[in-house]
Amino acid sequence: MPTVTVQQGPRDVELKRELVRRITDAFVDAYAIPAETVTVWIEEYGAESWGAAGVLTADK
């Protein structure tokens, strides 16, 4: 049973639905497995909770 974790900033629920569908479809196509065996977790972090290149995203 594949489990995929996506870490990202907050997104609209419709975008997350589409992402989960596409990720699931990719595993179904690549591994020839039933969609029911694919689990997708979305972890969302606000701009104050992550950074890149030494800068907090909220400060950009």
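## Nonpolar core

A nonpolar core is a set of buried Ala, Val, Leu, Ile, Met, Phe, Trp, Tyr and Cys residues joined through side-chain atoms within 4.5 Å. In this predicted model, the largest such core has five residues. They are Val4, Val6, Ile23, Val38 and Val40. In soluble globular proteins, nonpolar side chains tend to be buried together.

Val4 belongs to this core. Setting aside neighbours within four places in sequence, Val4 is in contact with Ile23 and Val40. Its other contacts on that count are Phe27, Thr39 and Trp41.

## Overall layout

The secondary structure comes to one helix and four strands. From the N terminus on, the order is β-α-β-β-β. The radius of gyration is 15 Å, well over the 10 Å that the globule rule gives for 60 residues, so the protein is more spread out than a compact globule.

Along the principal axes, the C-alpha atoms fill a box of roughly 45 × 25 × 15 Å. Buried residues make up 18% of the 60 residues. Take the contacts between residues at least 6 apart in sequence: 56% of them join residues at least 24 apart.

## The β-α-β unit

Strand β1, helix α1 and strand β2 make a right-handed β-α-β unit. Strand β1 covers residues 3–8, helix α1 residues 13–31, and strand β2 residues 39–44. The pairing of β1 with β2 is parallel and runs over six bridges. Gln8 of β1 stands opposite Glu44 in β2.

Strand β1 has two faces. Val4, Val6 and Gln8 make up the covered face. Thr3, Thr5 and Gln7 make up the uncovered one. Val4 and Val6 of the covered face are also members of the five-residue core.

## Helix α1: Thr24 and the aromatic pair

Thr24 lies in helix α1. Its relative accessibility is 12%, so Thr24 counts as buried; the cut-off for buried is under 20%. Beyond residues up to four places away in sequence, Thr24 touches Ala35, Val38 and Val40. Two of these partners, Val38 and Val40, are core residues. Thr24 and Val38 are 14 residues apart in sequence, yet their C-alpha atoms are 6.0 Å apart in space.

The structure holds one aromatic pair. Phe27 and Tyr31 form this pair, with an edge-to-face geometry. Their ring centres are 5.4 Å apart, and the angle between the planes is 75°. Why are Phe27 and Tyr31 separated by about one helical turn? Because they are four residues apart in helix α1.

The two rings belong to residues with separate exposure classes. Phe27 is partly exposed, with a relative accessible area of 22%. Tyr31 counts as exposed, at 54% relative accessibility. Phe27 is also one of the contacts of Val4 in strand β1.

## Two loop residues with positive phi

Which value does phi of Ala32 take? It is near 55°, a positive value in a residue other than glycine. Ala32 sits in the loop between α1 and β2. Its relative accessible area is 69%, so Ala32 is exposed.

Phi of Ala53 is likewise positive and near 55°. Ala53 lies in the loop between β3 (51–52) and β4 (55–56). At 84% relative accessibility, Ala53 counts as exposed.

## After β4

Thr57 is found in the segment after β4. Is Thr57 buried or exposed? At 18% relative accessibility, Thr57 counts as buried. Leaving out residues up to four places away in sequence, Thr57 touches Ala47, Trp50 and Gly51. Gly51 is in strand β3, which spans residues 51–52.

How values were computed. Residues numbered from 1 in each chain as written. Predicted model: local features only at pLDDT ≥ 70, side-chain atom pairs only at ≥ 80, totals over all residues. Heavy atoms only, no water. Phe/Tyr/Trp six-rings, centres within 6.5 Å; stacked < 30°, edge-to-face > 60°. Buried < 20%, exposed > 50% of the residue type's maximum accessible area, 1.4 Å probe, protein only. Contact = heavy atoms within 4.5 Å. Pairing = 2+ DSSP bridges. Right-handed = clockwise from strand over helix to strand, strands pointing away. Rg over C-alpha atoms; globule rule 2.2 N^0.38 Å.
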